[in-house]
Amino acid sequence: MTQPRFLRAVEATSVALFFLQALRVVFSVLFGIIYDQVFVGPPGLWLVGSLGLVVIALAAPALAPRSPRRAWMAVMASLAALARVALSVDDARVRYWGCLAVLVFGGMYLAGLLTARRPVAMPALVGALIFDQLLCILGNTYDLSLRPTWLPVQAVWALVVVVVAVALGRRAAGGDRRASLFAIRAGLGLGGFVFLESSLLALPNAAARWSGESYATVAPLLLLVTFLPLIPRLRLAVHQRLAGSSAFRLALAVVLTGGLMIGYFVPGLASVAGLVLAQVATLACLSPLLDGRPSRPRAVGGMLALGLLLMFALNLVNAFAFTYPYSLPMLRGLGWTAYLLAAVAFGAGVLAQNPVPLTWDELSTRTGVVLPAAIAIVAAALWAVQPSPAAPFSEDGTLRLATYNIHYGYDKDWHFTLESIAQTLEQNRVDVVALQEVDTGRLTSYGVDDATYLARRLHMNAAYFPTVEHLTGIAVLYHGPRVPAEGRLLTSLQEQTGILHVRVGQSGTQLDFFGTWLGLENEDTQGQVREALAFIGDRSPAAFGADFNAQMGSPVATAIQGAGFLDPFSSLGIQPVPLTEPAVDPTQRIDFVWQRGLYPVRAWVPDSLASDHR
């Protein structure tokens, strides 16, 4: 009995994890497709076709049989595992088609799991969330399993899942004989659950950025909380309480909604507390959502497909909240609405299900296994999240200053190139760098915190200033001791931007370094640069780095020069001046490190193609 139960857990948890990873990857790949079609253009049929294929893949669970056999489950698990290997290949096209396959086969497998093996579904989903968090934490927010170096490991993992699936597929048929049906609201509730977990509550770096508190604190705390539903006695006690009281279920739904809104609008420890309580409430309510008897039953596959389509719609709303200047201006500052809608859908789904009693035998986890695993995994996370001290500045009095528009971690062809970006900074021995287009937990950039990853990879400190929906902004990385940072929003007609200040250096030798990003067309960039210069004041020595979206001789450049800043290329008489954008065959120079009160000894533009800027 123990061996099949363990093998089922391995199969189900792996497929659930692969499915969650495919969701993260597909939205990242779609971001590149939509960006190229809309901004590079011209738009073509592929813009609609690529979105349509994802919608079809998410609707695939509706095709799952109402009475899935073990052999069918084995085929779905095997195909999902084999397709998952493609996600470790850093090529947008390979990942796109791999994602579609994982979503189709993994989605149908999960529909079968919820139908015929529902007691396994809850621990499998929670286990998948735990492993997903761990892989991201061990990779400094960049999922280890999405990197090309992981490819051999993923191939072995896929093979293991295939072997386990075949072994289980040969066993005699049987399974959960309870009414394995959902209400429509329960299906939508599952969609709300997947959105909340994949975009925030199981993404510690996003939760840390929402709160403004330390990632090293938030990450292990959320991981520890996620383990709670796997403790059998706790899960049984909570389920019994929820099954016996609809008022208790309603109270938890209110806690979830309130926690999310506090997490969004109230910074600091209150935000952390709100998000942790929201995660507790979400995981507590998952059991009655999955283990319930609806008053108006529907087939599980169709309801799961409905939920996934809701999740897709919520992700679009969330994405538009980040790209409002170029899509739906009305969504400016309204990213919280996607989370509120998800919470309401999840709460309604929980209330729509009448939880059935759980027996001790149906609990697929054991305390003797869960507690040691929890201790080991949380200990590994605590070790991984601790930042190492930043490297010191050179003692010769020379600093290497830079600016880098990192394009959310992508190059021109939408390879995810954060490691190449890190190598560019490392090879040029940069001491202080202003970064633009910095994502810190968006699903459209693999959920990675660009600032955290680069700072830890390069042994630097990171100062980050969010400008759009907590998770997009500007950053300054720097060597030496950690110092306070100061940021201010600039008046923005289009995409909201700001300016960030750190005073770096060592005792007796300090530099005021400022980073910003100025807007594109239809933006009052002259007004923005006036505000930025007023913020800088007369501090000197000072450096001002950014993608200014303006060339030498423009009103923006003239205003900066009027404030006493010099261009080091001009000061050194370098001709022709290297161009910076685009990275491939650049045609213009819009990225500058202006200096005041400093003595430039060298200036250059590396030819790295890791971003879409140099």
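In this predicted model, the charged end of R602 sits over the ring of W604, with 3.9 Å between that charged end and the centre of the ring. A second arrangement of this kind can be found at R241, whose charged end sits over the ring of F248 at 4.4 Å from the ring centre.

From these details we can step back to the chain as a whole, which has 20 helices and 13 strands. Its radius of gyration is 25 Å, close to the 25 Å that the globule rule gives for 614 residues, and the chain is therefore as compact as a globular protein of that length. Taken along the principal axes, the box filled by the C-alpha atoms is roughly 80 × 45 × 45 Å. Of the 614 residues, 58% count as buried, while the accessible surface comes to about 23900 Å², with 64% of that surface belonging to carbon and sulfur atoms. If one takes the contacts between residues at least 6 apart in sequence, 78% of them join residues that are at least 24 apart.

The aromatic residues let us follow such links in particular places. A pair of aromatic rings is described by the distance of the centres and the angle of the planes. How many aromatic pairs does a search of the whole structure find? The search finds 27 of them. One of these is formed by W46 and Y96, which meet edge-to-face, with 5.5 Å from centre to centre and 70 degrees between the planes. Because W46 lies in helix 2 (residues 45–59) and Y96 in helix 4 (residues 92–116), the pair ties together parts that are 50 residues apart in sequence. W46 is partly exposed, with a relative accessible area of 36%, whereas Y96 counts as buried because its relative accessibility is 2%, and buried means under 20%.

Another pair is that of Y142 and F416, whose ring centres are 5.2 Å apart and whose planes stand at 80 degrees, so this pair is edge-to-face. It links distant parts of the chain, since Y142 is in the loop between helix 5 (118–138) and helix 6 (151–169), F416 is in the loop between strand 5 (401–405) and helix 16 (418–427), and the two are 274 residues apart. Y142 is buried at 5% relative accessibility, and F416 is buried with a relative accessible area of 4%. Both residues belong to one aromatic cluster, whose members also include F31, Y35, Y408, Y410, W414, Y446 and Y453.

A further tyrosine, Y324, is found in the loop between helix 13 (300–322) and helix 14 (336–352). Is Y324 buried or exposed? At 4% relative accessibility, Y324 counts as buried. Leaving aside residues up to four places away in sequence, Y324 touches P329, L331, R332, V468, Q494, E495 and Q496. For one of these residues, Q494, the backbone oxygen lies 3.4 Å from a polar atom of the Y324 side chain. By way of orientation, Y324 and A546 are 222 residues apart in sequence, and their C-alpha atoms are 22 Å apart in space.

The last stop is S287, which is found in helix 12 (residues 269–290). With a relative accessible area of 2%, S287 is buried, and a polar contact of 2.8 Å joins its side chain to the side chain of H239.

Note on methods. Residues numbered from 1 in each chain as written. Heavy atoms only, no water. Helix = DSSP H or I, 4+ residues; strand = E, 2+ residues; numbered from the N terminus. Buried < 20%, exposed > 50% of the residue type's maximum accessible area, 1.4 Å probe, protein only. Contact = heavy atoms within 4.5 Å. Polar contact = N/O pair within 3.5 Å; in protein donor to acceptor, adjacent residues only side chain to side chain. Phe/Tyr/Trp six-rings, centres within 6.5 Å; stacked < 30°, edge-to-face > 60°. Lys NZ or Arg CZ within 6 Å of the ring centre and 35° of its normal. Rg over C-alpha atoms; globule rule 2.2 N^0.38 Å. Areas by Shrake-Rupley, 256 points an atom, 1.4 Å probe, with all protein chains shown as cover.
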